[in-house]
Amino acid sequence: MTQAKAGNTVQIHYTGTLQDGSVFDSSDGRDPLEFQLGSGQIIPGLDSAIDGMAAGEQKTVTIPAAEAYGDYQDEARQTIPREQIPADIPLDVGTMLQMQTPDGNAVPVQVAEVTDDAVTLDANHPLAGKDLTFAVEVVSVG
């Protein structure tokens, strides 16, 4: 049986959970996730965990935050005066927005806090700083 190695196209079914057991993502009811192993298309820790697995193989692996979406970075939060945000922009806590960097790149941010005077935006990935557990089944290795 072919074992997955860097460069292979791999299809997996997965369920990702947080430490409290809540599911943050799953392929349940969808087509398997397809990616090229070792190409950076998925988080590094999961990529490493799948290396060497064969079609039909299952395992559960916990990926530390540093090998998933990285550690939470306080400097990725920015508080700006509310009047600098156009009135038509929704500012509910949890809303995802896009900001543009000075060099023109789009950066996704989440509304973290809203007061009468200011809005705090968080550019950390929503799963940054969290250890993630994945139940994985390799569907195919090509």
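Is Leu-46 buried or exposed? That opens the first of five short exercises on this predicted model.

A word on the ground rules: residues are numbered from 1 along each chain as its sequence is written. In this predicted model, local features need pLDDT of at least 70, side-chain atom pairs count only at pLDDT 80 or more, totals for chains, interfaces and linings use all residues, and side-chain values use heavy atoms, with hydrogens and water left out.

**Exercise 1. Place Leu-46 and work out its surroundings.**

Step 1: Find the element. Leu-46 sits in helix H1; helices (H or I, at least four residues) and strands (E, at least two) are DSSP runs, numbered from the N terminus.

Step 2: Check the burial. With a relative accessible area of 4%, Leu-46 is buried. The scale is: buried under 20% relative accessible area, exposed over 50%, partly exposed in between (1.4 Å probe, protein chains only).

Step 3: List the contacts (heavy atoms within 4.5 Å). Leaving aside neighbours within four places in sequence, Leu-46 touches Ile-12, Val-61, Ile-63, Phe-134 and Val-136.

Step 4: Look along the chain. The C-alpha atoms of Leu-46 and Glu-67 are separated by 8.1 Å, with the two residues 21 apart along the chain.

**Exercise 2. Which residues of the largest nonpolar core touch the most other members?**

Step 1: Fix the term. A nonpolar core is a set of buried Ala, Val, Leu, Ile, Met, Phe, Trp, Tyr and Cys residues joined through side-chain atoms within 4.5 Å.

Step 2: Pick out the hubs. The largest core has 22 residues, and Val-10, Ile-12, Leu-46, Ile-50 and Phe-134 touch the most other members.

Step 3: Trace the elements. Strand S1 (9-17), helix H1 (44-50), strand S4 (58-63) and S9 each give two or more residues to this core. S9 gives the most, with five residues.

Step 4: Look for another core. A second, separate one of eight residues includes Ile-85, Leu-91, Val-111 and Val-119. As background, nonpolar side chains tend to be buried together in soluble globular proteins.

**Exercise 3. Find the aromatic pairs and say what they join.**

Step 1: Count them. Searching the whole structure turns up two aromatic pairs. Rings of Phe, Tyr and Trp (its six-membered ring) pair if their centres lie within 6.5 Å; planes under 30 degrees apart count as stacked, over 60 as edge-to-face and the rest as tilted.

Step 2: Take Tyr-14 and Phe-134. This pair is tilted, at 6.4 Å centre to centre and 55° between the planes. Tyr-14 lies in strand S1 and Phe-134 in strand S9, so the pair ties together parts 120 residues apart in sequence. Both are buried: Tyr-14 at 9% relative accessibility, and Phe-134 with a relative accessible area of 5%.

Step 3: Take Phe-24 and Phe-134. Their ring centres are 5.7 Å apart and their planes at 85°, so the pair is edge-to-face. Because Phe-24 lies in strand S2 and Phe-134 in strand S9, this pair ties together parts that are 110 residues apart in sequence. Phe-24 counts as partly exposed, at 25% relative accessibility.

Step 4: Put the pairs together. Tyr-14, Phe-24 and Phe-134 are linked into a cluster by ring pairs.

**Exercise 4. Which strands does S1 pair with?**

Step 1: Set the criterion. Two strands pair if DSSP finds at least two bridges between them.

Step 2: Go through the partners.
- S1 and S9 are joined by eight bridges and run antiparallel; Thr-15 has Ala-135 in S9 as its bridge partner.
- S1 and strand S3 (residues 33-36) are antiparallel with four bridges; Thr-9 is opposite Gln-36 in S3.
- S1 and strand S2 (residues 23-26) are antiparallel with three bridges; Gly-16 has Asp-25 in S2 as its bridge partner.

Step 3: Inspect the turn. S1 and S2 form a hairpin with five residues between them, and Gly-21 in the turn has a positive phi of about 90°.

**Exercise 5. Where is Asn-124, and what does its side chain reach?**

Step 1: Locate it. Asn-124 is in the loop between strand S8 (118-122) and strand S9 (132-141).

Step 2: Check the burial. Asn-124 is buried, at a relative accessible area of 11%.

Step 3: Follow the side chain. A polar atom of the Asn-124 side chain lies 2.9 Å from the backbone oxygen of Gln-73.

Step 4: Add the neighbours. Beyond four places in sequence, Asn-124 is in contact with Asp-71, Tyr-72, Gln-73 and Ala-76.

Note on methods: Polar contact = N/O pair within 3.5 Å; in protein donor to acceptor, adjacent residues only side chain to side chain.
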